Amino acid sequence: MGSEMCIRDSGKAFWVNNMGVLGGYYLDKKNFSQGLKISKIALKETLKLNSNPFYSAGNLAKYMLKLKQPDSAAYFVTIAKKGATVDTPLELVTLQTEAQYYIQIGDLMAAEKNLMRIKKIIETYNVSVLGGVGTIAPDYYLALVRIKQDRPLEAIVLLKSDIARLKNVRDDILRDYKLMAELYQETGQYDLAAETYSRFIDLQNSLLDDQDKLRVIG
């Protein structure tokens with residue numbers, strides 16, 4: 001009986017994990033209604049199993065931020081923190097999501113504190129960009145803080161640093177180029193704006209070409 005229970009629990013844990021991954025997939029695809037539904041189920045079942053709530057709760061916090069519901073985002077960040085081990089990629093991603101929450105509510109000092117802690121941990125432990133749990137990009141979010149503080153030139157420097165660190169994470173580099181081109185435009189650096197926007201278009205076309213190739217293979 002005990003072994004049967006163990007097998008059943010293991011099977012359910014595998015299913016719950018897949019639900020969490022699917023919730024993250026829908027988040028990337030901006031299918032918020034479907035992703036929210038799945039992520040809520042994943043979190044509920046994760047808590048029932050006394051498993052780590054980090055992933056599903058973190059996804060739900062990100063959904064809430066996308067939907068401009070910061071209070072709900074804060075609630076799910078609190079749950080995600082319970083599964084985020086100190087000085088690991090889990091903590092970094094949670095700190096980053098919490099920083100996004102702080103930016104959204106206008107608490108720029110708290111956001112910067114989180115992001116500087118992330119940078120320190122990355123430097124101390126040489127944490128990779130992806131860390132196995134999502135992109136860790138404190139310089140991008142610090143750039144958003146600087147924009148809110150009306151310090152666009154500092155934001156541009158941070159975006160350059162983010163692009164250099166991201167290396168081959170093209171979706172996020174695309175995001176950085178777009179924002180950087182806008183900042184160059186706003187600060188009257190029109191040649192640099194045009195050059196950066198051209199890089200954005202080239203990278204975007206490269207991504208689209210790769211997607212078309214994958215569709216043909218599929």
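**Figure 1. Arginine 199 and its partner in helix H10 of the predicted model.** Arginine 199 has a relative accessible area of 42% and is therefore partly exposed. The model shown here and in the following views is predicted. Glutamate 195, at a relative accessible area of 38%, is partly exposed. Both residues belong to helix H10 (residues 190–217), where four residues, about one turn of the helix, separate them. Their side chains form a salt bridge with an N to O distance of 3.0 Å.

**Figure 2. The salt bridge between arginine 151 and glutamate 154.** The closest N and O atoms of arginine 151 and glutamate 154 are 2.8 Å apart. Arginine 151 is partly exposed, with 32% relative accessibility. Glutamate 154 is also assigned as partly exposed, with a relative accessibility of 37%.

**Figure 3. The salt bridge between aspartate 87 and arginine 117.** In this pair the closest N and O atoms lie 3.1 Å from each other. Aspartate 87 sits in the loop between helix H4 (70–81) and helix H5 (89–105), while arginine 117 is part of helix H6 (residues 108–125), so the salt bridge ties together parts that are 30 residues apart in sequence. The relative accessibility of aspartate 87 is 27%, which means that this residue counts as partly exposed. Arginine 117 is partly exposed as well, at a relative accessible area of 34%. In the whole structure, a search finds 13 salt bridges.

**Figure 4. Aspartate 139, a buried residue of helix H7.** Aspartate 139 is located in helix H7, which covers residues 138–148. Its relative accessible area is 5%, and the residue is classed as buried because this value falls under the 20% limit. Leaving aside residues up to four places away in sequence, aspartate 139 touches Lys119, Leu158, Ser161 and Asp162.

**Figure 5. A patch of positive charge that includes lysine 148.** Four residues, Lys30, Lys66, Lys68 and Lys148, gather on the surface in a patch of positive charge. Lysine 148 is placed in helix H7 (residues 138–148). With a relative accessible area of 56%, lysine 148 is exposed, because the limit for this class is over 50%. Across the protein chain there are 29 positive and 26 negative side chains. The centres of these two sets are 6 Å apart.

**Figure 6. The whole protein chain, for orientation.** The protein chain contains 10 helices and zero strands. Along the sequence, the order of elements reads α-α-α-α-α-α-α-α-α-α. The C-alpha trace spans about 70 × 45 × 35 Å along its principal axes. Of the 218 residues in the protein chain, 41% are buried. Among contacts with a separation of 6 or more, 56% come from residues 24 or more positions apart. The exposed area of the protein chain is about 12,500 Å², and 55% of this area is supplied by carbon and sulfur atoms.

Note on methods
Residues numbered from 1 in each chain as written. Predicted model: local features only at pLDDT ≥ 70, side-chain atom pairs only at ≥ 80, totals over all residues. Heavy atoms only, no water. Helix = DSSP H or I, 4+ residues; strand = E, 2+ residues; numbered from the N terminus. Buried < 20%, exposed > 50% of the residue type's maximum accessible area, 1.4 Å probe, protein only. Contact = heavy atoms within 4.5 Å. Areas by Shrake-Rupley, 256 points an atom, 1.4 Å probe, with all protein chains shown as cover. Lys, Arg positive; Asp, Glu negative; His and termini not counted. Charge placed at Lys NZ, Arg CZ, Asp CG, Glu CD. Patch = residues over 30% accessible without salt bridge, like charges linked within 9 Å, V, L, I, M, F, W, Y side chains within 5 Å.
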